[in-house]
Amino acid sequence: MTTAHNPGPPLHLAGNNAPVTEEVTVEPSEVIGSVPEELHGTYLRNGPNPRTGWSPHYFAGDGMVHAVVLDGGRARWYRNRYVRTPLYEHPGESRLALAFDPATGHVDHRVSTANTHLVCHGGRLLALEEGGFPYEITPELDTVGPFTFGGALRTPMTAHPKICPETGELVFFGSRLRPPYLTYYRAAPTGELLQAQVVEVPRATMMHDFAITRDHAIFMDLPVVFDPAMAAAGGMPWRWDDAHGARFGVMRRDGGPVRWFEVEPCYVWHTMNAYEADGAVTVTGCRVPTLWRDGPQDVGGGLPNLHEWRLNLATGTVAERRLDDTAIEYPRVADAEVGRRNRFGYVTSFSLEAEPERSEIHKYDFAAGAARQTHRLPAGHTCGEAVFVPRRGGSGDDDGYLMTFAHDRSRGTGYLAILDAADLAARPVAEIRLPVRVPTGFHGNWLPSGVNAARA
Ligand SMILES: [Fe+2]
């Protein structure tokens, strides 16, 4: 019971943020609408689910992957499994103590929550968290182990790598708290690491995401900096620093110097996309004016809005503008549009208001001035990131479906919502109702059947 003396769990462990206590494999309890017959594959989503039931921050929970398999018009099963990391195997132990050897100064990058995202590349399915190595898992969600590109990965790996739709390359970076702070990587479609290049930056900043175009990688060096004193005190070691400034760095994907562009100070958790046209690199993303100015529990930095930065390669100038004033996050585009000029982009509403608890998914049409079409979930229903899945033989980056896990507060259970991306205002194509709760999480992807067999 929540009283003045017992305020209940912190927000990041309350409601549908609370971890689930069991790993299950279950069939759906009900399907409302119909599952499109052409969908053969698995929708996977990662998120924090502290094994002990408690974590100091939402980001710190052990990674749990949730999956629904769709096959020929049927939803076969839902399954949730922890990623078996050293943090999972040693519940309640400090990450610093597990990862850092004070005698040698060695940091063990196998110590990861693996709780943030999933990517399938080179025939491997990887669970990702930016503080450690990726963890390979099977499509059935069993953990294979840490994956290091055959030992070539020497740093942690971002949870937001990009797959180039043109070359099939996996393009990513790794951040460290000690020099070299930033390393850029490029892997062949087969998974072999082709390039590892240190990118000079003045200090460790929280670099959660980046962007690519066909020819360039774009890094975001923003004023949320690592504070060793905060780390020593055992808390979230990041704080806002007005003195750091903010800049975007543009580098050719095959290497070379980085060209830096000063931007208005801000923080960007997630880019939506980037593309090159008219002599400029244009980046879109979700921008907040400040983040954690008064510490990691400070939520007063403003809510994220969709923003555009146009980096003029001839003049070195930046033109930036807010594209919409709606509070949104979890930007996605069709996989086929990564690094290209996407017409459509998808986001989820982002509000800290407790009531009414109700999510919206928005679709932006950039051919119409970022006009917005909205799918509003019923009252009491919330959802996370919406992943675009193309229709077979589809044309255009809204010819397909959006998938997201949703929570029905009145029933206390979860469901997989499948929406028609071309007609977002319509009723869901299908709601695959589950007999269990699927906690709020971070990011995921659609894994078509057969893709992971490439390595077999
Ligand atoms: Fe993220």
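Let me begin with a definition, because much of what follows leans on it: a residue counts as buried if 20 or more other C-beta atoms lie within 10 Å of its own, as exposed if 12 or fewer do, and as partly exposed in between, with the C-beta atoms placed from the backbone. By that count Val-171 is buried, since 22 other C-beta atoms lie within 10 Å.

Before I go further, please keep in mind that this is a predicted model, in which local features need pLDDT of at least 70 and side-chain atom pairs count only at pLDDT 80 or more, while totals for chains, interfaces and linings use all residues. The residues are numbered from 1 along each chain as its sequence is written.

Let me turn to the overall picture. The protein has three helices and 35 strands, where helices (H or I, at least four residues) and strands (E, at least two) are DSSP runs numbered from the N terminus. The radius of gyration, taken over C-alpha atoms, is 21 Å, which agrees with the value near 23 Å that a compact globule of 456 residues would have; the globule rule used here is 2.2 Å times the number of residues to the power 0.38. Along the principal axes, the C-alpha atoms fill a box of roughly 55 × 50 × 50 Å, and 43% of the 456 residues are buried. Two residues are in contact if their C-beta atoms, placed from the backbone, lie within 7 Å, and of the contacts with a separation of 6 or more, 53% are between residues 24 or more positions apart.

Now to the sheets, for which I should say that two strands pair if DSSP finds at least two bridges between them. One open sheet has five strands in the order E1-E5-E4-E3-E35, with antiparallel pairing. Strand E1 (25-26) and strand E35 (444-448) stand at its edges with a single partner strand each, so one side of each is left without a neighbour in the sheet. Two bridges link E1 to strand E5 (residues 74-82) in the antiparallel sense, and Val-26 stands opposite Tyr-78 in E5.

Another open sheet has four strands, in the order E26-E27-E28-E29, and its pairing is antiparallel. Its edge strands, each pairing on one side only, are E26 (328-332) and E29 (371-376). E26 runs antiparallel to strand E27 (residues 344-349), to which three bridges join it, and Glu-329 has Thr-348 in E27 as its bridge partner.

What lies in the largest nonpolar core? A nonpolar core is a set of buried Ala, Val, Leu, Ile, Met, Phe, Trp, Tyr and Cys residues joined through C-beta atoms within 7 Å. The largest one has 107 residues, of which Ile-218, Phe-248, Leu-402 and Met-403 touch the most other members, and strand E4 (residues 63-71) gives the most to this core, with six residues.

Ile-218 leads us to strand E17 (residues 216-221), which is largely enclosed by the rest of the structure because six of its six residues are buried. His-216, Ile-218 and Met-220 point one way from E17, whereas Ala-217, Phe-219 and Asp-221 point the other way. A hairpin through three residues joins E16 to E17; strand E16 (residues 211-212) runs antiparallel to E17 with two bridges, in which Ala-211 is the bridge partner of Ile-218. E17 also pairs with strand E20 (residues 247-252), in the antiparallel sense and over six bridges, and there Ala-217 has Met-251 as its bridge partner. Setting aside neighbours within four places in sequence, the contacts of Ile-218 include Phe-248, Val-250 and Val-283.

Val-171, with which I opened, belongs to strand E13 (residues 170-175), and its contacts beyond four places in sequence include Cys-164, Ile-212 and Ala-217.

Finally, some backbone details to look at on the screen. Most residues other than glycine have a negative phi, and most peptide bonds are trans. Leu-141, in the loop between strand E10 (135-137) and strand E11 (143-146), has a positive phi of about 80° and is buried, with 21 other C-beta atoms within 10 Å. Phe-149, in the loop between E11 and strand E12 (162-163), has a positive phi near 55°. The peptide bond from Pro-179 to Pro-180 is cis, with omega near -10°, and Pro-180 is found in the loop between E13 and strand E14 (182-187).
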